[in-house]
Structure formats: structure tokens, C-alpha cells
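Got the model open in your viewer? Follow along, and select each stop as we come to it.

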Amino acid sequence: MALLRRLHALRWWMISLITIGTILNYLTRATLGVAAPTLTGELGIGEKEYSWITGVFQLGIMLQPVGGYLLDVIGLKLGLALFVGAWSLLTMAHGLATGWLGFAGLRGALGVVEGAAQPAGMKVVSEWFPARERGLAGGIYNIGASFGALLAPPLVAWAVYNHDWRAAFLITGGLGLVWLIPWLFWYAPPARHRAIGDHERTLILAGQEPRLAGKQGRPVLRRLLRRQELWAIAAARFMADPVWGMLSLWMPLYLTTVRHFDLTEIALFAWLPFLAADLGCLFGPAVAAWLHRRGMHLIDARRSAFTLGAVMMTGMMFVTAVESPVLAVALLCLGGFAHQTLSVTVITMSSDLFPQGEVGTATGVAGMAANLGVLLFTLALGSLVDQVGYQPFFILLGVGDLVGAVLLWTLIRKPA
């Protein structure tokens with residue numbers, strides 16, 4: 001414990017720990033998408049059945065408000081440990097599946113438990129960071145989403161080449177069980193952590209809004225659901241998250257079937273949009289912080305950063321229009337960068353608008369809307385792509401966030 005007492009800036013160690021957990025969460029999600037060209041061929045799963053497999057996952061993850069509510073009620077440390085243990089074991093169980101129905105059942109259960117990751121990350125941000133640092137902290141932990149997806153192509157390709165696609169699920173699931181050890185040993189809220197110094201504790205508490213900080217207890221769902229700010233965030237995320245569904249679930253199949261990439265080329269290029277997304281995780285909060293330092297209200301600064309990301313997202317409309325596969329990948333990279341620029345910004349707004357004891361539930365409700373958008377998008381894509389191709393879907397992705405920006409500017413009232 002003497003080593004713990006010598007550590008400084010403990011809040012950044014906390015966000016680093018939750019970031020690693022988020023990396024593993026999204027790594028397990030992305031494993032299926034990268035392995036899809038191999039396992040669908042081996043098991044005789046068509047695009048329509050694959051869309052149902054991915055759709056059932058989205059149905060499960062739409063229960064994210066339940067996960068967020070449980071984290072608010074039973075506490076972050078125990079609650080997240082239970083969820084991580086469950087999603088790790090379920091991921092490993094994918095290696096036992098023999099058909100699309102088995103995959104669908106496992107993906108549905110996986111979605112239910114994996115949905116707790118984002119409310120958990122936002123609760124860490126809310127508890128451990130003053131308002132001026134929440135954007136950066138939220139950006140750092142959201143790097144885990146794109147970095148996990150970035151790791152999936154080379155890791156899964158390595159597992160397929162050296163073993164088979166089943167080994168990929170065993171490896172990615174096993175990593176989550178390893179993460180539980182430092183989480184259970186290390187995490188505690190600032191008020192009870194043995195390694196935090198008085199100066200840092202004061203910095204955290206003094207930098208939080210009195211109307212939000214320290215309000216714990218069971219969330220009042222009826223009051224929470226009546227707030228139009230919640231539905232503005234939820235609607236913006238509904239419009240935004242289909243982009244992530246395209247990148248993590250459908251991009252490998254698009255590159256294989258339309259751009260004729262083989263597995264080696266998938267491993268070489270499919271991670272690049274997620275690297276760009278990592279940069280977007282830092283760019284969005286940096287833009288908001290820059291505007292805030294120059295006198296703009298924090299909520300307006302976040303809305304402006306979201307709008308900038310929405311404008312950049314229009315580049316996705318041209319992915320199928322360009323002839324060059326390299327240029328198509330470049331536009332997918334722009335989409336990943338733009339998506340995380342705006343996504344991190346709108347997710348962080350939950351910690352600006354809701355008390356700490358309601359952040360998990362509010363983030364979960366918005367996450368449910370986000371995953372409903374992914375569900376409807378992926379079902380429509382799976383049903384219609386053979387008839388109309390990918391172009392209408394990329395156009396939809398390019399304009400949806402502009403609608404989300406309008407909703408954020410019109411529905412959210414700035415707190416005094």
C-alpha cells in the first residue's frame with residue numbers, strides 16, 4: 001500500500017483502468033465482425049441470418065438502462081465486476097456455437113451484460129473529475145471503444161491463421177477475466193480510496209457543480225424520464241450510432257464483398273478507421289475545452305463540437321461513389337474520426353446535466369436509443385443490401401448527425 005500512497009493524479013489512473021476495460025468490451029464486440037467472413041462461410045450463415053445475429057445483440061444491449069440503473073443502485077465496483085465476468089464468459093462460449101441460432105442466443109445475452117460498460121465509464125468520469133476535465137476524461141475512456149475495435153482485426157486474423165475463429169473468442173473473452181483482478185483490487189470512489197491525497201480530493205470536489213455532485217441514492221425514474229434534455233441526448237445518439245454499427249459489424253463484409261479484400265488486406269486496413277476514431281475521441285473534447293476557455297458556456301461548447309463532427313460526417317456519403325479502395329478506406333477513416341468527435345461529446349453531456357446518482361441510468365437510456373438506431377439500421381441493411389447495395393446506407397449515415405445537432409441545439413436548456 002505504500003506504493004499506492006506515492007501515486008499522484010489518482011483520477012487519471014482510475015480513468016486509465018476503466019479505459020482498458022472499455023477496450024476489452026469493444027474488442028469482444030468487434031470479434032464477430034472480423035471473424036464473420038470466415039465463420040459465416042464455414043457454418044453456411046447468409047447475410048440475412050448474420051443481420052439477425054447482429055440485431056439480437058442490439059436488442060440485448062438496448063437493456064442498457066437496466067445496467068445503468070443497477071450500477072447506480074448497487075454500486076460501481078461490484079456491479080461492473082459482475083457484468084465484466086458475465087460478458088467474458090459469454091464471449092468465450094461463442095467458440096462452442098455451431099449455427100446461427102446459437103450465435104444469436106449468445107449475442108443477445110452478451111448485449112445485455114456488455115451494455116453496462118458505457119454507464120460505468122460515465123459514472124467514473126462523474127465521480128472522479130471536476131467539470132473542466134470531464135470532456136477529456138470522457139474522451140480518454142471512449143478511446144477504449146475504437147481502440148478495442150482497432151485491435152480486433154489483427155488479433156482475430158492472427159487467431160484464424162494460427163488456430164481457427166473459435167480461438168479468437170476464447171482469447172478475447174479470457175482477457176476480460178484478467179482485467180477483473182486489478183479492478184477488484186484497485187477501484188474505490190474518491191471519498192473512500194486509500195491512495196488519494198487531500199489536495200486531489202479537494203480539487204475534484206471543488207470542481208464539481210453543487211447541483212450535481214454528491215447526490216446519491218436510487219434514481220427517480222419518473223422524474224428523469226420527464227426531462228427533455230435526456231431525450232435530446234438520446235435522439236442525437238439514435239442518429240449517430242449506426243455509424244459505429246457499420247464500422248464494427250459490416251465494414252469487414254463490405255470490404256470483402258464489394259472491394260474484394262482478402263483476410264490479409266482486412267487485417268492490414270480494417271483497423272485504420274478505428275485509429276482515426278481514437279484521434280476523434282481526443283479532438284472533440286479538445287474543441288469543446290478550447291471554446292469553453294474562450295468564454296462559451298460548457299453546454300454550447302459541447303454542442304458546437306458535436307456540430308463540427310456532424311459536418312465532417314457528411315464525407316461518409318461518398319464511400320461507395322469513389323472507385324479507389326484506398327480512398328474508400330480514407331473516407332471510412334474520416335467517418336470514424338467524425339463519429340467519435342461527436343459521440344464522445346454527446347455522451348459526456350450526461351455528466352453535465354444529471355446528478356451523480358442518476359448518471360448511470362441517464363447514460364443507459366441514451367445508450368438504449370443509440371443501440372435501437374444500430375438495430376434498425378443493421379436489420380434494414382441485412383434485408384435490403386442485396387437489392388439496393390450499400391450506397392443508400394452510407395448516404396443515410398452522412399446526414400443523420402446533422403439532424404442530431406439540430407435536436408441538441410433546440411431541446412437542451414443550459415443550466416444556470
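Before the first selection, one cut-off: a residue counts as buried when its relative accessible area is under 20%. Keep in mind too that this is a predicted model.

**Stop one: T345**

Select T345, which sits in helix 17. Is T345 buried or exposed? Its relative accessible area is 4%, so T345 is buried. Now show what surrounds it. Leaving out neighbours within four places in sequence, T345 is in contact with G284, R302, A305 and F306.

**Stop two: helix 15**

G284 takes us to the next element, so to speak: select helix 15, residues 272-293. Try a distance between its end C-alpha atoms. At 1.5 Å a residue, the 22 residues of helix 15 should span 32 Å, and the ends are indeed 32 Å apart, so the two agree.

Next, colour the buried positions of helix 15: P273, F274, A276, A277, D278, G280, C281, G284, P285, V287, A288 and L291. An α-helix has 3.6 residues a turn, so residues three or four places apart point the same way. What covers the buried residues of helix 15? Helix 8, helix 13 (242-257), helix 14 (263-269), helix 16 and helix 17 (325-353) are among the covering elements. Before leaving, click on G295, which follows helix 15 and has a positive phi, near 105°.

**Stop three: the second largest pocket**

Stay with helix 15 and turn on the surface. Select R132, E133, L136, P285 and A289, which lie nearest the centre of the second largest pocket. This pocket holds about 210 Å³ of space and has 14 lining residues. Which helix gives the most to the lining? Helix 15 does, with seven residues. Helix 8 (131-162), helix 15 and helix 16 (298-313) each supply at least two. Colour the lining by class and you should find eight nonpolar, two polar and four charged residues.

**Stop four: the cores**

Hide the surface and select F103, W128, W183, Y390 and F394. These have the most contacts inside the largest nonpolar core, which has 118 residues. Helix 2 (residues 10-43) gives the most to this core, with 14 residues. Apart from it lies another core, of five residues, including V287, A288, L291 and A305. You have met A305 already, as a contact of T345, while V287, A288 and L291 are among the buried residues of helix 15.

**Stop five: the cavities**

Rolling a probe the size of a water molecule over the atoms shows where empty space is left. How many cavities of 30 Å³ or more does the structure hold? There are five.

Start with the largest cavity, at about 250 Å³. Select Y26, R29, D241, W244 and N371, the closest to its centre among the 20 residues that line it. Helix 2, helix 3 (47-61), helix 8, helix 13, helix 17 and helix 18 (356-388) each give two or more residues to this lining. By class, the lining of the largest cavity divides into seven nonpolar, ten polar and three charged residues.

Finish at the second largest cavity, with about 50 Å³ of space. Select its lining: I18, G21, T22, L80, V84, W87, A117, A120 and W179. Helix 2, helix 5 (76-93) and helix 7 (117-128) each give two or more residues here. This lining has seven nonpolar and two polar residues, with no charged ones.

Definitions and conventions: Residues are numbered from 1 along each chain as its sequence is written. This is a predicted model: local features need pLDDT of at least 70, side-chain atom pairs count only at pLDDT 80 or more; totals for chains, interfaces and linings use all residues. Side-chain values use heavy atoms; hydrogens and water are left out. On a 1 Å grid over the protein atoms alone, a cavity is a set of points where a 1.4 Å probe fits but cannot get out, and a pocket is an open set with protein on both sides within 12 Å along at least five of seven lines; lining residues have an atom within 4 Å of a point. Grid points are joined across faces, edges and corners, and a volume is the space filled by probe spheres set on the points. Helices (H or I, at least four residues) and strands (E, at least two) are DSSP runs, numbered from the N terminus. Ala, Val, Leu, Ile, Met, Phe, Trp, Tyr, Cys and Pro count as nonpolar, Asp, Glu, Lys and Arg as charged, and the others, Gly among them, as polar. A nonpolar core is a set of buried Ala, Val, Leu, Ile, Met, Phe, Trp, Tyr and Cys residues joined through side-chain atoms within 4.5 Å. Buried means under 20% relative accessible area, exposed over 50%, partly exposed in between (1.4 Å probe, protein chains only). The expected span of a helix is 1.5 Å times one less than its number of residues. Contact means heavy atoms within 4.5 Å.
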